[in-house]
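User: I am new to this structure and would like a close look at a single part of it. Please describe the part you choose in one connected account.

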Amino acid sequence: EFDAEVLSCEEKNGKYVSVELIKNADFVTITCGGNDLMAILYEKVAEAWNKANPDKELTPEEALMKLASGDLGLLMTTINLFDLNSDSYLINDGDFDAALDKYIETLKKITTYVNMNNPRCAVIVATQYNPYAEFKGTFFDVVYNGMEDGVGKLNKAITDNASEGGYVVSDVKSEFDASTDEGDLYNADPNNMNVDFHPTANGHKLLARSFGKTVSEVQYVKYSVSHFYERLDGTFEEEKISGEAAAGVNVYAVETVKEGFSLVSNENEVRAASATEGVVLKLYYARNKYSVKWKNETEELVSEYKYGEQI
């Protein structure tokens, strides 16, 4: 039933999840980031290959396909990019850092969108595992070490931005590293030159279990939004609306529409905050002002009145 809803949404909106699904969700789980950084790898592999083989140039997409087929020449080119002692070490490349910054920026846009539409929905973001863990201690050990370095930077960025991004982190990396009884978790295999970075069925089970553990730890807190409306004497009257949110998400005060009043900036306003027990958001509204022109046969007078004021 849920899949049918998702498929229907995809048919209508392409790759976007409808806001209706978000508003009805209890949790949103996100695992992303690996493809962003792997795209940089394919670009750099193609770049290095083309430099050494100008008569056999490849696009990043073609490099990906040849790597997937186990092309030894391209694998050796890739190994060099993961060599810590190489000048072309991928993880120290400025393009890698730029891709990481762009990823975090995009992730925050996604989590902010969910937070704004459903503060009670806990957003859970997974850390990334090292897909080449099976390469450790083999001829391709340098790939394992380089990927470990890159994944470490990615996961640090995910963790460091959790509070600002309004999401909870599910530490999938630690679950994968600590697993001893799950069987094969990785599709990548140095024995048959398989470089597929996706998890196996067992890996997906472990991923789900990590999310499940984080879901069970989510707590909910009470928060409120106080709307302050200007009285005729310039003081403010408070109207408070209470709500519940998942702890750690970012809650946002949503402007109300009330006849005769307009939202204004105020030094005491609090438009957004991390959801903690009892946090109060504050919005201020000024009374609209209107100009009235008085006329007689010889003169005009323009006076200003506040909404609701007696003339």
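Analyst: Two strands are said to pair if DSSP finds at least two bridges between them. With that in mind, this predicted model may be examined at its open sheet, which consists of four strands in the order E5-E4-E9-E7 with mixed pairing. Strand E5 (236-246) and strand E7 (261-264) lie at the edges, each pairing on one side only. On average, and with direction ignored, neighbouring strands of this sheet are turned by 30° against each other.

Within the sheet, strand E4 (residues 220-230) is joined to E5 by eleven bridges, and the two run antiparallel. Lysine 222 stands opposite glutamate 244 in E5.

Helix H10 also deserves attention. Helix H10 comprises the 16 residues 201-216; at 1.5 Å a residue these should span 22 Å, and the end C-alpha atoms are 23 Å apart, which agrees. Among the residues of H10, those that are buried, with under 20% relative accessible area, are Gly203, Leu206, Leu207, Ser210, Phe211 and Thr214. Seen down the axis of H10, these buried residues fall within an arc of 135°, so they line one face of the helix. A general property of the α-helix is relevant here: there are 3.6 residues a turn, so residues three or four places apart point the same way. On the other side of H10, Ala201, Lys205 and Ser216 are exposed. The cover over the buried residues of H10 includes strand E1 (27-30), strand E2 (122-126), strand E3 (168-170) and helix H9 (172-178).

Technical notes: Residues numbered from 1 in each chain as written. Predicted model: local features only at pLDDT ≥ 70, side-chain atom pairs only at ≥ 80, totals over all residues. Heavy atoms only, no water. Axes fitted to C-alpha atoms, helices over the stretch in contact; angles between N-to-C directions. Expected span 1.5 Å × (residues − 1). Buried < 20%, exposed > 50% of the residue type's maximum accessible area, 1.4 Å probe, protein only. Arc of directions from axis to C-beta. Contact = heavy atoms within 4.5 Å.
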